[in-house]
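Biologist: I'd like a close look at one loop residue with an unusual backbone angle. Could you start there and then work outwards to the rest of the chain?

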Amino acid sequence: MSVAPTSAGQKALRTALQTQVFDAVYYFHGAEDYLKDEMLRLLIEAAVDPATRDFNFETLRASDLDGETFGSLLGTPPMMAERRVVVVRDVSALKKDARRVLERYLERPASDIVLVLVAVPGAKQDRVLMERTTAVEFEPLSGARVPKWITYYATHNLGCEITPEAVSLLQSAVGTELGQLKIELDKLDSFVTGGGDDRRVIDEEAVAAIVGVQRGETLGDLLDAVAQRNAARAVELLPHVLLQPKTSAVTIVMALATQTLALAWGRASRRGGASSSRIENEFYNLLKESGSSYTGRSWGDAVRAWSRSLDAWTLAELDAALAALLAADAALKESRLSSDEQLLESLILTLCVPARRASLSAA
């Protein structure tokens, strides 16, 4: 079982892992490096005999290869084995002569070599490689799938249980980057194993102890406070949230921008007569279509919070909030006298205080 979204290339590769019949050249691309590395590990385990791995497995960086060296690697037969596996990382960095060697090789690839070309996140898709190899795309898991991945990794890879509350707290604290979540889950497994209890369970208390976050002090709680326009609560939470792993002023502004855009869309839909349940369904559809929007928590938690908070905003206030977020994003990229915390505190007060109240206070 896998909770990762499966492209056609991934399906073909999983079939190859089962049948031991591999294509000549694979092109791994996409933004999720952890999933690439996991699939690469499975491929190497399946395709290369451990007894002869020292002779029949090579992994290199593209920038270190010249044409002659690359040609020699691709022309070397396996030693005492059925096949060799050659991995080239950051394939877009190949020098011109090495790239020419690769393109000639793709015309008639060897039957006893499995060549894996790995692109870095953010690299532009290589049209030639997309057409002439088995292309395997690895995209980040959506916010809705991350909790399932956390549970799957804990139960199947670590052999321990994890409570739903712990899953939610962990994702709120760490985010959706699978590599970082794996690191924290491995630490949590060691923590609960050290307790001496045969039934190893990762609960909220364990997450609080290891990750250093408490229920009620997560990025999701901060976002909820802003959505409800509770300035005092949001300002109180801010320093705690900034101390959490993988959280920065930039990620907070990103999550607030996603939330504000969603609230504006929801208010517009409500004006058009949409029911609350329909708006929630449309929120999910909106997240699926956008794919990479950073919500700062699971999609379910985000959608429920947005739905509860629609009445706290007018469309005009949401327009003003988006302008304030744009200004804050620009300020974070410039040298300035204010600290990140001071800038965010000012932003929170701007977002949370309705314009009519602000004008009354000024009067």
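**A close look at glutamine 20**

Modeller: Glutamine 20 counts as partly exposed, at 35% relative accessibility; on this scale buried means under 20% relative accessible area, exposed means over 50%, and partly exposed falls in between, using a 1.4 Å probe and protein chains only. Before we go on, this is a predicted model, where local features need pLDDT of at least 70 and side-chain atom pairs count only at pLDDT 80 or more, while totals for chains, interfaces and linings use all residues. Residues are numbered from 1 along each chain as its sequence is written, and side-chain values use heavy atoms, with hydrogens and water left out.

Back to your residue. The phi of glutamine 20 is near 65°, a positive value in a residue other than glycine. Glutamine 20 sits in the loop that runs between helix H1 (8-19) and strand E1 (25-29). Those labels come from DSSP runs, with helices being H or I over at least four residues and strands being E over at least two, numbered from the N terminus.

Methionine 80 also has a positive phi without being glycine, with its value near 55°. Its loop lies between helix H4 (67-75) and strand E3 (84-89). Methionine 80 is exposed, with a relative accessible area of 66%.

Now go along strand E1 (25-29), the one that follows your loop, and you run into the inside of the protein. The largest nonpolar core has 47 residues, and Tyr26, Phe28, Leu43, Leu185 and Ile202 have the most contacts inside it. By a nonpolar core I mean a set of buried Ala, Val, Leu, Ile, Met, Phe, Trp, Tyr and Cys residues joined through side-chain atoms within 4.5 Å. Helix H2 (residues 33-47) gives the most to this core, eight residues in total. A second, separate core has 41 residues, and Leu287, Ala302, Val303 and Leu343 are among them.

Phenylalanine 28 is a good one to click on. Setting aside residues up to four places away in sequence, its partners include Lys36, Met39, Leu40 and Leu43, and also Val116, Leu117, Val118 and Ala119. Contact here means heavy atoms within 4.5 Å.

For a residue further along the sequence, try aspartate 340, which belongs to helix H17 (residues 340-352). Aspartate 340 is partly exposed, at a relative accessible area of 34%. Beyond its neighbours within four places in sequence, aspartate 340 is in contact with Ala249 and Leu332. From aspartate 340 to valine 250 it is 90 residues in sequence and 9.0 Å in space, C-alpha to C-alpha.

Serine 142 spans a longer stretch of sequence: 153 residues along the chain separate it from threonine 295, yet their C-alpha atoms are separated by 9.9 Å. You'll find serine 142 in the loop between strand E5 (134-137) and helix H7 (146-157), and at 17% relative accessibility it counts as buried. In helix H7 itself you'll find lysine 148, which counts as exposed at 55% relative accessibility. The C-alpha atoms of lysine 148 and valine 167, 19 residues apart along the chain, are 8.8 Å from each other.

Glutamate 282, in helix H14 (residues 276-290), is partly exposed, with a relative accessible area of 28%. Its C-alpha and that of leucine 322, 40 residues on or back along the chain, are separated by 21 Å.

If you're wondering about cysteines, the structure holds zero disulfides, a disulfide being a pair of cysteine sulfur atoms within 2.5 Å. Cysteine 160 is buried, at a relative accessible area of 4%, and cysteine 352 counts as buried too, at 2%.

Last, the whole chain. Its secondary structure comes to 18 helices and seven strands, and its C-alpha trace spans about 85 × 55 × 45 Å along the principal axes. Of the 363 residues, 45% are buried. Taking contacts between residues at least 6 apart in sequence, 75% join residues at least 24 apart. The chain exposes about 18,000 Å², with carbon and sulfur atoms supplying 51% of it; these areas come from the Shrake-Rupley method with a 1.4 Å probe, and for residues only the protein chains shown count as cover. As for charge, the mean positions of the 40 positive and 49 negative charges are 5 Å apart. Lys and Arg count as positive and Asp and Glu as negative, with His and the chain ends not counted, and each charge is placed at NZ of Lys, CZ of Arg, CG of Asp or CD of Glu.
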